[in-house]
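Subject: Structure for your review

Dear colleague,

Please find below the structure that I am handing over to you. I would be grateful if you could look through it before you read the notes that follow.

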Amino acid sequence: MGEIQHSFKRYEKKCLLTQEQYRAILPVLKEHLTPDEYGVHTVCSIYYDTDNFDLIRRSLESPAYKEKFRLRSYGVPQPEGMIFAEIKKKYDGVVYKRRVDGSTGQISAFLQKEQKLEGEDPQIQREIRWFLRQYQPAPRVFIGCERMAMLGKADPEFRVTFDWNLRWRTDRLDLCEGSEGYWLLPKNQIVMEMKTPDTIPLWLVEALSEQKIYATGFSKYGYCYQNYIAPVIFRKERFSYA
């Protein structure tokens, strides 16, 4: 088990792949990358927002600066399992992520009662508390997926992740309540994300271009809000449950 990282500064680029594109590019990736220690795992996230969804609406306007807050777990946690509370900010194309971890009970007490998290960075705790006081957000949507991550053989800080079976729900907004939800994307679509402190390697740029894979501004929460949550605010619709 590697050491948990609590602060990130990096560039992130996303692409939407078909299954065919994924299979075509995987051999090239394996030449330069290796799977991380966790293998295929489930990622669960609960995104917080205001009553009017001000945070995601502003984010979708593509401002120079934007931020969001979420709870995240890797796998469905037990009641006292470890989860993360994360602020993710983006300014001028650079992504900054700051997070603390603790049991579900500890994180709940930290968020609701502002109880300190022993052993966690006090500055990050202050940033999260400021964010919560500023926006008064509440849990709004759950998004889950399966993930495989790969790390650069020459540069372990270069990371590529693949997410599939993306799903969402707006009820049971507790990470311990399972990972079921409505389908967010067609089942054959995969979200590829490249995370680097520097630039995307030339070999990968060439491989993506050969398969006609292009970077996109895709956001899971943003896509969910635009295509499912916002329409329901104005008219009732039904969705297929995963």
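Among the elements of the protein, β3 has the highest mean pLDDT, at 98, and α6 has the lowest, at 90. Please bear in mind that this is a predicted model. For the protein, the mean pLDDT is 93, and 95% of the residues reach 70 or more.

The next topic is the empty space inside the model. Rolling a probe the size of a water molecule over the atoms shows where such space is left. The count comes to 2 cavities of 30 Å³ or more.

The largest cavity has a volume of about 110 Å³. Its lining is made up of 13 residues, and those nearest its centre are K14, R70, R72, K88 and K220. By class, 11 residues of this lining are charged and 2 are nonpolar, while none is polar. Four elements each supply at least two residues of the lining: β1 (7-18), β4 (65-74), β10 (189-196) and α6 (220-234). The largest share, 3 residues, comes from β4.

The second largest cavity holds about 30 Å³ of space. It is lined by V43, S45, Y47, R72, I143, G144, C145 and K220. Here the lining divides into 4 nonpolar, 2 polar and 2 charged residues. β3 (41-49) and β7 (138-152) each contribute at least two residues to this lining. You may wish to find R72 and K220 in the display: both line the second largest cavity, and both are listed among the residues nearest the centre of the largest cavity.

I would also draw your attention to β10, one of the strands that line the largest cavity. Is this strand enclosed by the rest of the structure or open? Of its 8 residues, 7 are buried, so β10 is largely enclosed by the rest of the structure. Buried here means under 20% relative accessible area.

β10 pairs with two strands that are worth tracing. With β1, the pairing is antiparallel and runs over 8 bridges. Within this pairing, K14 has E193 of β10 as its bridge partner; K14 is also one of the residues nearest the centre of the largest cavity. With β8 (residues 159-169), β10 is joined by 5 bridges, and these two strands also run antiparallel. On that side, M192 in β10 stands opposite F162.

Yours sincerely,
A colleague

Conventions
Residues numbered from 1 in each chain as written. Predicted model: local features only at pLDDT ≥ 70, side-chain atom pairs only at ≥ 80, totals over all residues. Heavy atoms only, no water. 1 Å grid on protein atoms, 1.4 Å probe; cavity = no way out; pocket = protein on both sides within 12 Å on 5 of 7 lines; lining within 4 Å. Points joined across faces, edges and corners; volume = space filled by probe spheres on them. Nonpolar A, V, L, I, M, F, W, Y, C, P; charged D, E, K, R; others polar. pLDDT = per-residue confidence, 0-100. Buried < 20%, exposed > 50% of the residue type's maximum accessible area, 1.4 Å probe, protein only. Pairing = 2+ DSSP bridges.
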